[in-house]
Amino acid sequence: MSKDKSKKPRKPQQVYTLLVEVGRHDGDGLPADATGAALMCYASGVDEAEAVRETVAILKQADLAPLDVTGYGTLQERLEQGHEVEAEERSLMDRALAENSVIVAQMTPFFD
């Protein structure tokens, strides 16, 4: 008797906090004199690796050039690390989970 793979329980989606550094790319929408930017993102995924892959793919579609991604974990992991998570941030995380999406919460351009 073979096991039906569709009966395997799926891992639930979670939201991960990611800081993405981007470089310059034609059409990226950054200020002309910026050298890049940092983006605070909330991304859903069954694990952090999936959240990172989805975030990088979406940013590339938006003509951004992701260079580095730093993961800060789920809400629960951040709280366990002592991070203060404001209501507005939690609301964006809830939205990312509900929409199974990537939310760019903040973009900070870099200048030399």
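These legends walk you through four close-up views of a predicted model.

**View 1. The sheet has four strands.** Welcome to the open sheet, where 4 strands run in the order β3-β1-β2-β4 with antiparallel pairing. At its edges are β3 (residues 65–74) and β4, each of which pairs on one side only. Neighbouring strands are turned by 20° against each other on average, direction ignored. Look between β2 and β4 to find their antiparallel pairing, which extends over 8 bridges. One spot to look for is Ala-38, whose bridge partner in β4 is Thr-108. Helix α3 packs on this sheet and touches β1, β2 and β4, with its direction making about 55° with that of β2.

**View 2. Helix α3 has a buried side.** This helix covers residues 87–99, and its end C-alpha atoms are 18 Å apart, which agrees with the 18 Å that 13 residues should span at 1.5 Å a residue. Its buried residues are Glu-89, Leu-92, Met-93 and Ala-96. They cover an arc of only 100° around the axis, so they sit on the same side of α3. A general point helps here: an α-helix has 3.6 residues a turn, so residues three or four places apart point the same way. The buried residues pack against β1 (14–23), β2 (36–45), α2 (75–80) and β4 (102–110). Turn to the other side of α3 and you meet the exposed residues Ala-87, Glu-88 and Ala-98. Just after the helix comes Asn-100, with a positive phi near 50°.

**View 3. Arg-78 of helix α2 meets Glu-89 of helix α3 in a salt bridge**. The N to O distance between these side chains is 2.6 Å. Because Arg-78 lies in α2 and Glu-89 in α3, the pair ties together parts that are 11 residues apart in sequence. Arg-78 counts as buried, because its relative accessibility is 7%. Glu-89 is buried too, with a relative accessible area of 16%. Beyond its neighbours within four places in sequence, Arg-78 has contacts that include Thr-17, Tyr-42, Tyr-72, His-83 and Met-93.

**View 4. Two further salt bridges complete the picture.** The whole structure holds 3 salt bridges. In one of them, Arg-24 pairs with Asp-28, their closest N and O atoms being 2.8 Å apart. Arg-24 is partly exposed at 34% relative accessible area, whereas Asp-28 is buried at 8%. In another, the side chains of Glu-99 and Arg-95 meet at 3.2 Å, N to O. Both of these residues lie in helix α3, 4 residues apart, about one turn of the helix. Glu-99 is partly exposed at 46%, and Arg-95 is partly exposed at 42%.

Methods:
Residues are numbered from 1 along each chain as its sequence is written. This is a predicted model: local features need pLDDT of at least 70, side-chain atom pairs count only at pLDDT 80 or more; totals for chains, interfaces and linings use all residues. Side-chain values use heavy atoms; hydrogens and water are left out. Helices (H or I, at least four residues) and strands (E, at least two) are DSSP runs, numbered from the N terminus. The expected span of a helix is 1.5 Å times one less than its number of residues. Buried means under 20% relative accessible area, exposed over 50%, partly exposed in between (1.4 Å probe, protein chains only). The arc is that of the directions from the helix axis to the C-beta atoms. Contact means heavy atoms within 4.5 Å. Two strands pair if DSSP finds at least two bridges between them. Axes are lines fitted to C-alpha atoms, for helices over the stretch in contact, and angles run from 0 to 180 degrees between N-to-C directions. A salt bridge is a side-chain nitrogen of Lys or Arg within 4 Å of a carboxyl oxygen of Asp or Glu.
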